[in-house]
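Please walk through the following structure with its ligand site in view, and then follow the chain outward to a helix and to a few single residues.

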Amino acid sequence: MSTTTQTEALVTLDIEGNLAVITLNRPDKRNALSLRVVEQLRAAFESLPDTVRVAILAGRGTHFCAGLDLSELKETTAGEGVQHSFKWYEAFSKIQFGKVPVVCAMQGAVVGGGLELASAAHVRVADETTYFGLPEGQRGIFLGGGGSVRVSKLIGFSRVTEMMLTGHVLDAQEGKAINLAHYVTPEGQAMQKARELAARIASNAPLSNFAIMNALPLIAEQPMSHGLMTEALMASITQSAPEAKERVNAFLEKRAGKVSL
Ligand code: 1HE
């Protein structure tokens with residue numbers, strides 16, 4: 001069963017069984033992120049029903065996302081700018097630390113705030129038309145949607161520095177080589193691949209998915225002794241769940257699939 005909610009049409013939410021597809025729906029402006037788009041993104045991720053196990057984030061049209069809606073910068077004061085960034089942080093946090101893992105399907109431009117958005121997702125699939133850039137330097141501004149933290153964690157601050165200083169734009173394969181995408185598909189097939197990956201994610205134990213999404217980023221920031229303790233706690237909580245016992249028994253009794261290439 002598939003249901004669609006048109007949240008004023010800037011962001012659409014389609015529920016298809018245990019999958020939610022959340023789509024930036026402003027192709028005439030290349031899905032530029034106005035505050036209304038960011039607020040609708042947040043609302044869509046917050047409103048996912050408990051039956052949903054995984055989400056796909058996509059952008060309608062030929063470009064995933066052209067970043068910040070630059071028309072919003074014309075008259076903002078410094079104070080409003082801080083509030084603006086914090087609205088983005090709240091929304092993107094609902095993606096990274098929300099109810100379910102998120103697979104991002106990308107094509108065309110993934111630039112500026114568009115790359116900041118994609119980096120909040122857990123798995124990123126690019127098609128061959130995808131390119132990545134951080135044109136903030138050219139626009140006279142700075143990252144403001146969490147990219148200094150999230151994109152730097154993905155590719156290192158030195159590469160972020162170089163991309164921002166020089167306007168270096170990376171194609172899909174170059175992006176994959178440095179972690180901006182996990183998969184590259186032929187043109188037009190990112191969504192198909194995202195659906196395949198989403199189905200696999202949805203078949204995991206929800207508690208394992210929760211631990212993967214929430215514990216790994218924390219552990220990455222902890223000193224080793226704290227990280228190992230957090231890991232041990234998560235390991236013991238997940239493995240003591242009845243679902244884990246059943247899944248492990250299923251393997252031992254040869255009722256579950258083997259790991260294969
Ligand atoms: C926009 C935006 C936008 C397009 N804000 N309106 N982001 C950028 O610096 C990227 C700016 N955009 C572009 O470089 C190009 O638009 C694209 C490479 C993404 C696509 O090119 P193209 O030829 O397909 O489209 P277009 O003709 O440039 O744009 C179509 C329309 O979308 C046009 O408006 P129209 O009324 O003339 O039809 C564009 O003005 C509009 N449009 N991108 C506003 N970004 C929280 S901090 C984050 C900081 C950043 O994100 S900085 C990076 C901003």
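A residue is called buried when its relative accessible area is under 20%, exposed when that value is over 50%, and partly exposed in between, with a 1.4 Å probe and protein chains only. By this rule Leu 165 counts as exposed, because its relative accessibility is 71%. The model is a predicted one, in which local features need pLDDT of at least 70 and side-chain atom pairs count only at pLDDT 80 or more, while totals for chains, interfaces and linings use all residues. Residues are numbered from 1 along each chain as its sequence is written, and side-chain values use heavy atoms, with hydrogens and water left out.

The ligand is a convenient place to begin. It is surrounded by 23 residues, of which the closest are Lys 29, Arg 30, Ala 66, Gly 113 and Arg 139, where a residue is near a molecule if one of its heavy atoms lies within 4 Å of it. In chemical character this shell divides into ten nonpolar, six polar and seven charged residues; here Ala, Val, Leu, Ile, Met, Phe, Trp, Tyr, Cys and Pro count as nonpolar, Asp, Glu, Lys and Arg as charged, and the others, Gly among them, as polar.

Several polar contacts, meaning pairs of N or O atoms within 3.5 Å (within protein, one atom must be able to donate a hydrogen and the other to accept it, and residues adjacent in sequence count only if both atoms are side-chain atoms), involve the protein backbone. A backbone N or O atom of Ala 66 lies 2.8 Å from a nitrogen atom of the ligand, and a polar backbone atom of Leu 70 is 2.9 Å from a ligand nitrogen atom. For Asp 28, the distance from a backbone N or O atom to an oxygen atom of the ligand is 3.4 Å. Of the 1000 Å² of accessible area that the ligand has on its own, the protein covers 66%, with areas taken from the Shrake-Rupley method with a 1.4 Å probe and, for residues, only the protein chains shown counting as cover. The elements that give two or more residues to the shell are α3 (113-118) and α4 (136-139); helices (H or I, at least four residues) and strands (E, at least two) are DSSP runs, numbered from the N terminus.

Two asparagines in loops have positive phi values. Asn 31, in the loop between β3 (19-24) and α1 (35-46), has a phi near 60°, a positive value in a residue other than glycine, and it counts as buried because its relative accessibility is 1%. Asn 179 lies in the loop between α7 (172-177) and β10 (183-185), and its phi is about 95°, again positive although the residue is not a glycine. At 35% relative accessibility, Asn 179 counts as partly exposed.

How many residues does helix α9 have, and what should they span? The helix has 16 residues (206-221), which at 1.5 Å a residue should span 22 Å, and its end C-alpha atoms are 23 Å apart, which agrees; the expected span is 1.5 Å times one less than the number of residues. Helix α9 nevertheless bends by about 35° at Ala 215, with a proline, Pro 217, following within four residues, the bend being the angle between axes fitted to the seven residues ending there and the seven starting there. Its buried residues are Asn 209, Ala 211, Met 213, Asn 214 and Ala 215. For Asn 214 the relative accessibility is 17%, and its C-alpha atom is separated by 35 Å from that of Asp 28, 186 residues away along the chain.

Glu 72 is placed in the loop between β4 (54-59) and α2 (78-96) and is partly exposed, with a relative accessible area of 25%. Its C-alpha atom is separated by 9.5 Å from that of Leu 33, 39 residues apart along the chain.
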